[in-house]
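Colleague: Please give me a close look at the enclosed spaces of this model, beginning with the smaller of those you would describe. I should then like to see the ligand site and any serine residues that merit comment.

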Amino acid sequence: MKQNGKPTALIMIFGATGDLANRKLFPSLYKLFEKDKLSEQFAVIGIARRPLTNDEFQNNVRKSIQSASKDDNRVDEFASHFYYHSLDVTDSDSYVSLKKLAGELDEHYQLDGNRIFYLAMAPEFFGTIALHLKEDGLTDVNGFKRLVIEKPFGHDLESAKELNNQIRTAFSEDEIYRIDHYLGKEMVQNIEVIRFANAIFEPLWNNRFISNIQVTSSEILGVEERGRYYEKSGALRDMVQNHMLQMVALLAMEPPIRLNTEEIRSEKVKVLRALRPMEGDEVEQYFVRGQYGSGTVSGEDVPAYRNEVMVSEESNTETYVAGKLMIDNFRWAGVPIYIRTGKRMETKSTKIVIQFKDIPMNLYYRTEQTLNPNLLVIHIQPEEGITLHLNAKKAGQSMEATPVKLNFANKGIDGINTPEAYEKLLFDCMRGDATNFTHWDEVALSWGFVDKISEVWENSKAKNFPNYASGSVGPKEADELLERDGFFWWPVTNLDVDNC
Ligand code: NAP
């Protein structure tokens, strides 16, 4: 039952002393509480191995909120809903006392047996935890039970299947919420609205009018302390398999018959099924890998990837990927969708550029003008907005055309930051809306696609690594990928909302 329409639940956070819990989950839950989206009927049990009292844990929660938010006037009231339970998730005996605590809180806060199990821990523990939750009766409740899991969901299709089988022993597919935090981002969610709430775009959203699409997600940061994880992952598994392919699916899907979870997911799945598979030599034609060397970022010298902590001096791991995706269906046949993502790039930016085809003839050739193609740019982060690039008359006597930009910047409208992705996703999960979480079918198809590329890359050592300097725009081979088709990457810095 919901209190005043607000969701009630016991949220168990496994890994409650970790980075994700402290940096994202506690502040996001607090925002929901502060905005009055959470009812008074909620409790959180933080779970990790180190011994902490409830008071110490509540102090940690307070600190994490205070470092993330200026408005912390209800923080004591909020923190009083937090309880700590020290437990090694591999130790079967300790789940019994966790069950007891959960039962007591359920009664105290009248939570109707609603439970959310948030696994903010390394994936190797997911199967063990799911099994114990079932065997020790923690999932045996009258209300709903939901499992939230973080990426990475497996390392390849095989391991993802294994992981899925393990968690499916305790949870059904509709009880599993696989987080892809890109799907919680305001402007990623806006892709649907831009496409399906405007009469002017949908008729043009196909291979007759669009020449190519470019999706960029670049970071300034290097691998930081995550060398051990990243060595096994690389940019392909860390970014392409999930975030990049999810954005492509939203851009390319057919209009769903309804805007509900099943219909949207089913359209996204069709896009992933239509991705042109590639194997062997084809991989090098369609995909480019890169690894950063040393360089200068924001005026500071930074080391090469191979000199980072926990990284092999001969590492073959890619920190950059560019690729050309082809979607072999009626709508998209012949339209390349270029994606690129990398670490230690010149700028932090996630953007989508939809480039429309040129008009049939240029009437302005007498003025020796080449007209710019129309672009629709969706700015995802750090700035959020939409820009439409058009050609208009240059003011004055002549009939010269000049490029103009119609610009919408989210911050310009109401001056407030849009909610953090985790805030939205946690709220969705509490309300039982799984639309912005990834279905198993999507996970399986995207691993199937990516596995073919990683097989080739793992079996052939990149001879030219490192092939881009830190602080640059990536390897030159990524430019050549587009040049072969007569295109070029639109420079993301020139497209910024602030530059418009
Ligand atoms: P982390 O900082 O290393 O935290 C791991 C947590 O797990 C700690 O609370 C640790 O506490 C607990 N833990 C480890 N072994 C345990 C055991 N045997 N029993 C009980 N608790 C145990 O990791 P993180 O950065 O928060 O990441 C957690 C997960 O989220 C990972 O799968 C990561 O890939 C994913 N993720 C993280 C981020 C992020 O921003 N951090 C973003 C996306 C995805 P004790 O040492 O006290 O046991």
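**Cavities, ligand site and two serines**

Modeller: Leu183, Val188, Gln189, Glu192, Leu250, Ile264, Lys268, Thr435 and Asn436 form the lining of the second largest cavity. The model is a predicted one, and this cavity in it holds about 50 Å³ of space. Two elements, helix H7 (186–196) and helix H9 (261–274), each give two or more residues to its lining. Helix H7 supplies the largest share, three residues; Val188, Gln189 and Glu192 fall within its range. Ile264 and Lys268 lie in the range of helix H9. By class, the lining of the second largest cavity comprises four nonpolar, three polar and two charged residues.

The structure contains two cavities of 30 Å³ or more. For the largest cavity, the enclosed space is about 140 Å³. Its lining consists of 14 residues, of which Phe153, Ile179, Asn242, Thr438 and Val443 are the closest to the centre. Helix H8 (227–252) and helix H13 (440–459) are the elements that give two or more residues to this lining. Asn242 belongs to the range of H8, and Val443 to that of H13. The largest share of this lining, three residues, is contributed by H8. Leu250, named above in the lining of the second largest cavity, also falls within the range of H8. The lining of the largest cavity is made up of five nonpolar, five polar and four charged residues.

I turn now to the ligand. It is surrounded by 21 residues, and Thr17, Asp19, Arg23, Arg49 and Arg50 are the closest of them. Helix H1 (residues 19–34) provides the largest share of this shell, three residues; Asp19 and Arg23 lie within that range. The shell is composed of eleven nonpolar, three polar and seven charged residues. Two of the arginines make polar contacts with ligand oxygen: a side-chain N or O atom of Arg49 is 2.7 Å from an oxygen atom of the ligand, and for Arg50 the corresponding distance is 2.6 Å. Asp88 approaches a nitrogen atom of the ligand, with a polar side-chain atom at 3.0 Å. The ligand on its own exposes 890 Å², and 76% of that area is buried by the protein.

Two serines remain to be described. Ser69 occupies the loop between helix H2 (54–68) and helix H3 (75–79). Ser69 counts as buried because its relative accessible area is 8%, where the cut-off is under 20%. Its C-alpha atom is separated by 8.6 Å from that of Lys31, although these residues are 38 positions apart along the chain. Lys31 itself falls within the range of helix H1, the element already met at the ligand.

Ser218, by contrast, is placed in strand E7 (residues 210–218). Its relative accessibility is 7%, so Ser218 is likewise classed as buried. The side chain of Ser218 makes a polar contact with the backbone: it reaches the backbone oxygen of Thr347 at a distance of 2.7 Å.

Conventions:
Residues are numbered from 1 along each chain as its sequence is written. This is a predicted model: local features need pLDDT of at least 70, side-chain atom pairs count only at pLDDT 80 or more; totals for chains, interfaces and linings use all residues. Side-chain values use heavy atoms; hydrogens and water are left out. A residue is near a molecule or strand if one of its heavy atoms lies within 4 Å of it. A polar contact is a pair of N or O atoms within 3.5 Å; within protein, one must be able to donate a hydrogen and the other to accept it, and residues adjacent in sequence count only if both atoms are side-chain atoms. Accessible areas come from the Shrake-Rupley method with a 1.4 Å probe; for residues, only the protein chains shown count as cover. Helices (H or I, at least four residues) and strands (E, at least two) are DSSP runs, numbered from the N terminus. Ala, Val, Leu, Ile, Met, Phe, Trp, Tyr, Cys and Pro count as nonpolar, Asp, Glu, Lys and Arg as charged, and the others, Gly among them, as polar. On a 1 Å grid over the protein atoms alone, a cavity is a set of points where a 1.4 Å probe fits but cannot get out, and a pocket is an open set with protein on both sides within 12 Å along at least five of seven lines; lining residues have an atom within 4 Å of a point. Grid points are joined across faces, edges and corners, and a volume is the space filled by probe spheres set on the points. Buried means under 20% relative accessible area, exposed over 50%, partly exposed in between (1.4 Å probe, protein chains only).
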